[in-house]
Amino acid sequence: MNAPESPLAHATLEELVFDNSFAGLPENFYTRLPPAGLPDPYLVAFSQPVAEMTGLTPQEAQRPLFCEVFAGNVLLAGSAPLAAVYSGHQFGVWAGQLGDGRAHLLGGLSNRLGHWEIQLKGAGRTPYSRGADGRAVLRSSIREFLCSEAMAALGIPTTRALCVVGADLGVRREAMESAAVVTRVAPSFVRFGSFEHWASRGKNGELQRLADYVIDTFRPECRSFDNPYSALLADVARRTGELIAHWMAAGFMHGVMNTDNMSILGLTLDYGPFGFMEAFDAGHICNHSDEGGRYAYRNQPQVAQWNLYRLADAMATLIGSKPSTAQAVVDAHYGDAFESRFEQLMRAKLGLAAAHPSDEDFIAETFALLQQHRPDFTLFFRALSRLPAAANRENQATIDAPLRDQFIDRSACDTWLTHWRSRQSSTPWPDDQREAAMLAVNPKYILRNWLAETAIRHARNNDFSELERLRVCLSRPYDEQPGFESYAALPPDWAQGLEVSCSS
Ligand code: AMP
Ligand code: MG
């Protein structure tokens, strides 16, 4: 879902043509209602690539009407806003009905790049708000905006974000904060929990309608299988496996992998207390509210499988099988997709030219090194990218300094590097070519919490320039960017105690 190479026909706001594909489902799938909007909204952040992707002229962001539309104050012709219903398992427990408690789907836009649903998050209460205020705070909206766009630039499947609009409207969380609306863009926001919703109520007709909608709109290839529903489940299992492999290889932690936050299209969905791994610890818990560590980094692959089992349970009657048979469909596709993609991504990060039977062991040895010595996950692979693959006895320590200096115990790094060099010799690759390939997969810039926090602090003082600088920097995570070196740095002292929670 990258920006188009050639410009699309660009529309003004008034020229956008909504096709409301989700609204074609029966009325009990959603509640139609207008967003509540925000008073005197102002533009906080804007993603030009997303505007281009959806077919909107980027200059439109300068019009006052842009803020009015994406605050939810003005509805464009053809837009038929609605909030969707879904259910889900939260922290391993059935939570019953949830739904878009603070999201309004404005409608869909289609062009040759695909179908794009446009959703406001934070524009007021819906019938699914369950007593909450229907709002999103500026802090979490900026985090969702920045991370969606950073993930897309890293090449990781994700929902996108068009803009953040703010207002001087107080919202109570642990403290008073100000309200904002983030506009999300994705082919679909259907979740595992959308299927669980109908299955839990024994509504097989609705369940089938939903599956048919997903297949016909997004996965028509499933129709060529004897059992299209089983093919859909296999597709979701495979894509989810690949998604989690990407997360693990990038050091990304979602933080709240509840089944209502799992996309049926295999996209990263619902950014809340996410984090990127810094000093490596496989047990790291990025969500301060996750006391048991259910969603810790190392648990993500298992949790995704557990979530897929819940989807399998929900789809079993549709597939015409027992839940255990549907779960076997997950087993037949998820593990292989995760493992083969993860191994491929790690091989690329390690600069290995081709597969070798020892790779699984070597990858495990690498993670054991990281776990024991805790270098910064991102900087480790970035520094490794520039090291020569051949040993040079005379000044090895000087040559290897950019990596060795990340370790207190430099001899542990030396031992591992000896193994890396010996592994390199099994599938040789000229240094210059390998270095270029490694730099193209090992990012220099990731969305560190301290960077997001800095942009948020400026934004709270109505200075959005830092946020824009960070967005631009993270849109080219693999490039050296002179002037941005400090954005690749370890967290400063003031940021050591930063915590993120479910509060958003
Ligand atoms: P989340 O943990 O953000 O994925 O949200 C779980 C559920 O709570 C979803 O149904 C959300 O729509 C709902 N929710 C979260 N925050 C709010 C809020 N401030 N107002 C209304 N609903 C909310
Ligand atoms: Mg959610």
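Q: Two strands pair if DSSP finds at least two bridges between them. With that in mind, what makes β4 and β5 a pair in this predicted model?
A: Strand β4 (residues 87–90) and strand β5 (residues 93–97) share three bridges. At least two are needed, so the two strands pair, and they do so in the antiparallel sense. Serine 87, for instance, has glutamine 97 in β5 as its bridge partner. β4 and β5 form a hairpin with two residues between them, and phenylalanine 91 in the turn has a positive phi of about 50 degrees.

Q: What makes the contact of arginine 139 with glutamate 177 a salt bridge?
A: Their closest N and O atoms are 2.8 Å apart, and the cut-off asks for a side-chain nitrogen of Lys or Arg within 4 Å of a carboxyl oxygen of Asp or Glu, so the pair qualifies. It links distant parts of the chain, with arginine 139 in helix α3 (residues 138–154) and glutamate 177 in strand β10 (residues 176–186), 38 residues apart. By this rule the whole count comes to 35 salt bridges.

Q: Why are arginine 139 and glutamate 177 called buried?
A: Buried means under 20% relative accessible area. Arginine 139 has 18% and glutamate 177 has 14%, so both names fit.

Q: How do you know that arginine 160 and glutamate 149 form a salt bridge?
A: The closest N and O atoms are 2.7 Å apart, and the limit is 4 Å, so the pair passes. Arginine 160 lies in strand β9 (residues 160–172) and glutamate 149 in helix α3, so the bridge ties together parts that are eleven residues apart in sequence. Arginine 160 is buried at 5% relative accessible area, and glutamate 149 is buried at 9%.

Q: Why is arginine 223 called partly exposed, while its salt-bridge partner aspartate 212 is called buried?
A: Arginine 223 has a relative accessible area of 36%, which falls between the 20% and 50% limits. Aspartate 212 has 19%, which is under 20% and therefore buried. Their closest N and O atoms are 3.1 Å apart.

Q: Why does aspartate 336 count as exposed?
A: Exposed means over 50% relative accessible area, and aspartate 336, in helix α8, has 53%. The label follows.

Q: Which residues gather with Asp336 in a patch of negative charge?
A: Glu339, Glu360 and Asp361 join Asp336 on the surface. Helices α8 (323–349) and α9 (359–373) each give two or more residues to the patch.

Methods: Residues are numbered from 1 along each chain as its sequence is written. Chains are lettered from A and ligands numbered from 1 in the order in which they are written. This is a predicted model: local features need pLDDT of at least 70, side-chain atom pairs count only at pLDDT 80 or more; totals for chains, interfaces and linings use all residues. Side-chain values use heavy atoms; hydrogens and water are left out. Patches are made of residues with over 30% relative accessible area and no salt bridge: like charges are joined within 9 Å, nonpolar side chains (Val, Leu, Ile, Met, Phe, Trp, Tyr) within 5 Å. Accessible areas come from the Shrake-Rupley method with a 1.4 Å probe; for residues, only the protein chains shown count as cover. Lys and Arg count as positive and Asp and Glu as negative; His and the chain ends are not counted. The place of a charge is taken as NZ of Lys, CZ of Arg, CG of Asp or CD of Glu. Helices (H or I, at least four residues) and strands (E, at least two) are DSSP runs, numbered from the N terminus. Buried means under 20% relative accessible area, exposed over 50%, partly exposed in between (1.4 Å probe, protein chains only).
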